[in-house]
Amino acid sequence: MAPSHTPLTEAELDRLEQLLNSLAERNEAVPDLEQLDGFLAALACGPRRMTLDEALPVLLGEPPPFADEAQRQEFLELAGRRAAEVLRAIEAPVQRLDDERALSPLLTDWEAVREHTPEAERGAPESWPRLGAVWAGGFLQCVDAFEDDWLLPADDPGNEFVDGCLQLFEILASDEAEMPPEARAMSPDERLADALWAVYDLRDFWRERASRQPVATVRKPPEPGRNDPCPCGSGKKYKKCHGAPGGGA
């Protein structure tokens, strides 16, 4: 049976989150749902196509902490469908982020989580993640894990473009005090929008580079001089034979 590529329902997203929580009990490096979604976005817009199965050791640890094969298959089915949904959104020709086809990351409402956390456990508001910070962290985790794919030669002019795009994720993932002044002046929604557009910019950049094909150089044999013997063997000078207009006809 071919795998389903329909978007996950709310119930299925809840189940995926439950699976991640269960896996995290065996390996604390396992991401939460928001971080997983950022990781999948980087896979989708990155320099090479990679299956989710191939990325599992980086995503979940080595070996992945599945309780059994059934849990592994359930995770791959649910996370794979989300990965396909993310890829469709990134490949869509959108002009606005409110386009229903545009990428809509799975972001945790940390303010709501904090409100429902016992007051003694809340901590200071600034200690909680900001909008999109965990998602951006998942994106950068994928980039760092597959750094060799993302690296360009030092003299490649594309380095400046890629670094500029990745800086938007670093800003989104960092503490506000560490942001450059121009980023601090932006609203959280604006910083998130910049990172989302960077996903599309990176998609276009890597796809354009992948489409380049080396052009074979066709070397034309040097023509004889006008007064040289014609190479056809006629005994005539080249200018009177194949070198003349319509020559050799």
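Me: A pocket is an open set of grid points with protein on both sides within 12 Å along at least five of seven lines, and its lining residues have an atom within 4 Å of a point. In this predicted model, which residues line the second largest pocket?

Reply: The list runs Leu-40, Leu-43, Ala-44, Arg-49, Met-50, Thr-51, Leu-52, Asp-53, Gly-80, Ala-83, Ala-84 and Leu-87. Two or more of the lining residues come from each of H2, H3 and helix H4 (69-91), with H4 giving the largest share, four residues. The space in this pocket comes to about 250 Å³.

Me: What makes Gly-80 polar in that lining, and how does the lining divide by class?

Reply: Gly is counted with the polar residues, so Gly-80 goes there along with Thr-51. Arg-49 and Asp-53 are charged, because Arg and Asp belong to that class. The tally is eight nonpolar, two polar and two charged.

Me: Why are H2 and H3 called oblique to each other?

Reply: Helix H2 (residues 33-45) and helix H3 (residues 52-60) pack at about 130 degrees, their axes 12 Å apart. Roughly antiparallel needs an angle over 145, and roughly perpendicular runs from 65 to 115. The angle of about 130 degrees falls outside both ranges, so the pair is oblique. As for handedness, H2 passes H3 in a right-handed crossing.

Me: How do you know which residues make that contact?

Reply: The cut-off is heavy atoms within 4.5 Å. On the H2 side the contact residues are Leu-36, Phe-39, Leu-40 and Leu-43, and on the H3 side they are Leu-52, Ala-55, Val-58 and Leu-59. Leu, Phe, Ala and Val each count as nonpolar, so the class count is eight nonpolar, no polar and no charged.

Me: What makes a space a cavity, and how many of 30 Å³ or more are there?

Reply: A 1.4 Å probe has to fit but be unable to get out. The structure holds two such cavities of 30 Å³ or more. The largest has about 60 Å³ of space, and the second largest has about 40 Å³.

Me: Which residues line the largest cavity?

Reply: Ala-42, Leu-43, Gly-46, Pro-47, Arg-48, Met-50, Cys-142, Phe-146, Asp-149 and Trp-150. H2 and helix H8 (147-150) each supply at least two of them. By class that is seven nonpolar, one polar and two charged.

Me: What makes two residues charged in the lining of the second largest cavity?

Reply: That lining is Arg-130, Leu-131, Leu-172, Met-179, Pro-188 and Arg-191. Arg counts as charged, so Arg-130 and Arg-191 are the two. Leu, Met and Pro count as nonpolar, and the lining has four nonpolar and no polar residues.

Methods. Residues are numbered from 1 along each chain as its sequence is written. This is a predicted model: local features need pLDDT of at least 70, side-chain atom pairs count only at pLDDT 80 or more; totals for chains, interfaces and linings use all residues. Side-chain values use heavy atoms; hydrogens and water are left out. Axes are lines fitted to C-alpha atoms, for helices over the stretch in contact, and angles run from 0 to 180 degrees between N-to-C directions. Angles under 35 degrees count as roughly parallel, over 145 as roughly antiparallel, 65 to 115 as roughly perpendicular and the rest as oblique. A crossing is left-handed if the near helix is turned anticlockwise from the far one by less than a right angle, and right-handed if clockwise. On a 1 Å grid over the protein atoms alone, a cavity is a set of points where a 1.4 Å probe fits but cannot get out, and a pocket is an open set with protein on both sides within 12 Å along at least five of seven lines; lining residues have an atom within 4 Å of a point. Grid points are joined across faces, edges and corners, and a volume is the space filled by probe spheres set on the points.
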